[in-house]
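This briefing looks at how one protein chain is packed, taking its nonpolar cores, a helix, an arginine and a lysine in turn. Please keep the sequence and the structure at hand while reading.

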Amino acid sequence: MTKRVFDVIASFIGLIILSPVLFLIALLIALDSRGGILYRGRRSGRGDEPFRIYKFRTMTADAEQTGGYSTAKGDPRITRVGRFLRRHKLDELPQLLNVLVGDMSIVGPRPEVPAYTRLYEGEELLILTVRPGITDPSSLKFIHLNEVLGEADADRVYEQQVRPVKNAMRVQYVKKQSFRNDLSIILRT
């Protein structure tokens, strides 16, 4: 209960304080490339319930039709403004809306696409017992994920090398979650 109250208050205050920045980012996206301002990707939430994650659009309007789930280093689908937003993690700010409505938490395992959560087995299923979050320990470890994925076959590298490590970290987060731990993750983020 404390976590949810914190999430609602923090996301509401964050949206109010950041509203000028959010407006400026939306304007830059609109001026940079055609397409919507927000990306609304399908993700799996608590209890494996699907929801739409909000992010600022950083890729071309047809990006999902022309590539995989993972974004390689130097991916040509990323827009000019999108590169800046991704580098500084500003594309994630609209997820405060997801937190406010209860789809996500400030801290929790990063949500995955349903194609990946369908592969969860054993302890990995613990990941789906909590609300996904904007940040978690695996997000901090893989803060420059596109560098890790490299330039070729990013989906394969993610599935074989990154996803197992991230999921192990997500499981550990769920097992050891506490409000104090969440505050530590927020400060490190």
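Ile25 touches Phe56, Leu85, Leu90 and Leu93, not counting residues up to four places away in sequence, where contact means heavy atoms within 4.5 Å. The model is a predicted one, in which local features need pLDDT of at least 70 and side-chain atom pairs count only at pLDDT 80 or more, while totals for chains, interfaces and linings use all residues. Residues are numbered from 1 along each chain as its sequence is written, and side-chain values use heavy atoms, with hydrogens and water left out.

**Nonpolar cores**

- The largest nonpolar core (a set of buried Ala, Val, Leu, Ile, Met, Phe, Trp, Tyr and Cys residues joined through side-chain atoms within 4.5 Å) has 21 residues, and those with the most contacts inside it are Ile25, Ile29, Phe56, Leu85, Met104, Ile106 and Ile134.
- Two or more residues of this core come from each of α1 (2-32), β2 (50-56), α3 (80-87), α4 (95-101), β3 (105-107) and α8 (154-176), the helices (H or I, at least four residues) and strands (E, at least two) being DSSP runs numbered from the N terminus.
- The element that gives the most to this core is α1, with five residues.
- Another core, of eight residues, lies apart from it and includes Tyr116, Phe142, Ala154 and Val162.

**Helix α3**

- Val81, Gly82 and Leu85 are buried in α3, buried meaning under 20% relative accessible area, exposed over 50%, and partly exposed in between (1.4 Å probe, protein chains only).
- Seen down the helix axis, the buried residues of α3 fall within an arc of 100°, so they line one face of the helix; the arc is that of the directions from the helix axis to the C-beta atoms.
- Arg80 and Arg87, which are exposed, sit on the face of α3 turned away from its buried side, whereas the cover over the buried residues includes α1 and β2.

**Arg110**

- Arg110, in the loop between β3 and α5 (114-117), counts as buried because its relative accessibility is 11%.
- A polar atom of the Arg110 side chain lies 3.0 Å from the backbone oxygen of Gly133, and the side chain of Arg110 also reaches the backbone oxygen of Ile134 at 3.1 Å.

**Lys176**

- Lys176, found in helix α8, counts as exposed because its relative accessibility is 58%.
- Between Lys176 and Pro164, twelve residues apart in sequence, the C-alpha to C-alpha distance is 18 Å.

Terms used
A polar contact is a pair of N or O atoms within 3.5 Å; within protein, one must be able to donate a hydrogen and the other to accept it, and residues adjacent in sequence count only if both atoms are side-chain atoms.
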